[in-house]
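This report covers salt bridges, one helix and its packing, and a few loop residues. The sequence and structure come first.

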Amino acid sequence: MASFKLLFATLTLLSSSTFCLAYPGFNFGWGHRGGGGGGGGVSRPVGGLRSSGLSPGFYSQSCPQANDIVMSVLKSAISKDPRMAASLLRLHFHDCFVQGCDASVLLDDHPTFVSEKKSGPNKNSLRGFEVIDEIKAKLEQACPETVSCADILALAARGSTVLSGGPNWELPLGRRDSKKASLNGSNNNIPPPNSTIQNLLTFFRRQGLNEVDLVSLSGAHTLGMARCTTFKQRLYNQNGNNQPDSTLERSYYHDLKAVCPKTGGDNNISPLDLASPATFDNTYFKLIMSGKGLLTSDQVLLSGNLGKPMQLVKDFADDHTLFFNHFARSMVKMGNIRPITGNKGEVRKNCRRVN
């Protein structure tokens, strides 16, 4: 019966116009009012780290309505497709982990570089580009050549979090856009879904992020869906011995097998948070505690037997406010990874190509 229920729920999502096919992965990401695009909104912003050259009030004079425009587009997009919130969070994450937060992930192919959209972690998987295009077009109408695509990604990630029920935070702005992309960087710097806990920490430390940031930002998987191909190994051959992952809770394992057969079905999808896939909450951590983390990279936060990550999973499962506060701080910290500021880079007129 449990298998039937999960299968029915998944088929319902697949047939719904509000859910589209893609793996949001680190669907990483708020105010409803302007004031520099930084704060204000449905919840009190959490203060965060500041980065040299970035400031929450960066657009307070040049484009004070920036955040209102972003939020208006997001409300419409997420109401049509609730999974879009997860996808926009993931765009910001996949941008920042490659060359820093510079909107390189948005660039299409160019005579001098290949688009990051063609990398292993991104191909046929990243989505939400049209939403970013719409935000950019409206910002260009209101404030031409002012708001960068990199800042749009950061604002969209925060807005998607808030609109899904998550925390708000004060967001430093002033990033500029890169003039190049890095296919190699995208292939090598984004953690795969079958990562061990040590692999994950290595990827995060490379970006200046620590164990707390790893667990906090993994909590973005409280939103969205994952493709069968990202967790099939856990069901049928986790350690090369044709056996399932022993950390999978048994009934959940059988539910997933109904969605993800041993052969075929790679693009079937399942919720990363089976209880509330469109709501930003701490259920993700509660599911991990019961052996129901979908990806290896989810469950190893607990099963990896590393003291601090294990304790944080337990703490976040017990206290959603604690998780929200840490998530907000870690999002600010991630958004501060090697930004282009000052006179470097550019403010693209079209996020898909250099000026």
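A salt bridge is taken here as a side-chain nitrogen of Lys or Arg within 4 Å of a carboxyl oxygen of Asp or Glu. The model is predicted.

**Salt bridges**

By that criterion, a search of the whole structure finds twelve salt bridges. Side chains of opposite charge can pair when their charged atoms come close. Three of the pairs, including that of Lys 333 and Asp 213, are set out below.

| Pair | N to O distance | Location |
|---|---|---|
| Glu 140 and Lys 136 | 2.9 Å | helix H4 (residues 129-142) |
| Arg 175 and Asp 151 | 2.7 Å | loop between H5 and helix H6 (183-189); helix H5 |
| Lys 333 and Asp 213 | 2.8 Å | helix H14; helix H8 |

Glu 140 and Lys 136 belong to helix H4 and are four residues apart, so about one helical turn separates them. An α-helix has 3.6 residues a turn, so residues three or four places apart point the same way. Glu 140 and Lys 136 are both buried.

The salt bridge between Arg 175 and Asp 151 has its closest N and O atoms 2.7 Å apart. Because Arg 175 is in the loop between H5 and H6 while Asp 151 is in helix H5, the pair ties together parts that are 24 residues apart in sequence. Both of these residues, Arg 175 and Asp 151, are buried.

Lys 333 and Asp 213 meet through their side chains at 2.8 Å, N to O. Lys 333 lies in helix H14 and Asp 213 in helix H8, so this salt bridge ties together parts that are 120 residues apart in sequence. Lys 333 is partly exposed, since its relative accessible area is 21%, whereas Asp 213 counts as buried at 4% relative accessibility. Elsewhere, salt bridges that share partners join Asp 108, Lys 117, Asp 133 and Arg 352 into one network.

**Helix H14**

How far apart are the end C-alpha atoms of helix H14? They are 22 Å apart, which agrees with the 22 Å that its 16 residues (320-335) should span at 1.5 Å a residue. At the N-terminal end, Asp 319 caps H14, with a side-chain oxygen 3.1 Å from the backbone nitrogen of Thr 321.

The buried residues of H14 include Phe 323, Phe 324, Phe 327, Met 331 and Met 334. Also among them are Ala 328, Ser 330, Val 332 and Gly 335. The buried residues of H14 pack against several helices: H3 (84-96), H5 (149-163), H8 (211-218), H11 (283-289) and H13 (307-318). Helix H8 also holds Asp 213, the partner of Lys 333.

**Loop residues**

Most residues other than glycine have a negative phi, and most peptide bonds are trans. Asn 242 has a positive phi, near 60°, and is found in the loop between helix H9 (232-236) and helix H10 (250-259). With a relative accessible area of 54%, Asn 242 is exposed.

Phi of Asn 305 is likewise positive, near 60°. Asn 305 sits in the loop between H12 and H13 and counts as exposed at 57% relative accessibility.

The loop between H12 (296-303) and H13 also contains Leu 306, which is partly exposed at a relative accessible area of 22%. Apart from neighbours within four places in sequence, Leu 306 is in contact with Ile 197, Gln 198, Leu 201 and Glu 211. Leu 306 and Ile 197 are 109 residues apart in sequence, while their C-alpha atoms are 7.8 Å apart in space.

Methods. Residues numbered from 1 in each chain as written. Predicted model: local features only at pLDDT ≥ 70, side-chain atom pairs only at ≥ 80, totals over all residues. Heavy atoms only, no water. Helix = DSSP H or I, 4+ residues; strand = E, 2+ residues; numbered from the N terminus. Expected span 1.5 Å × (residues − 1). Buried < 20%, exposed > 50% of the residue type's maximum accessible area, 1.4 Å probe, protein only. Contact = heavy atoms within 4.5 Å. Polar contact = N/O pair within 3.5 Å; in protein donor to acceptor, adjacent residues only side chain to side chain.
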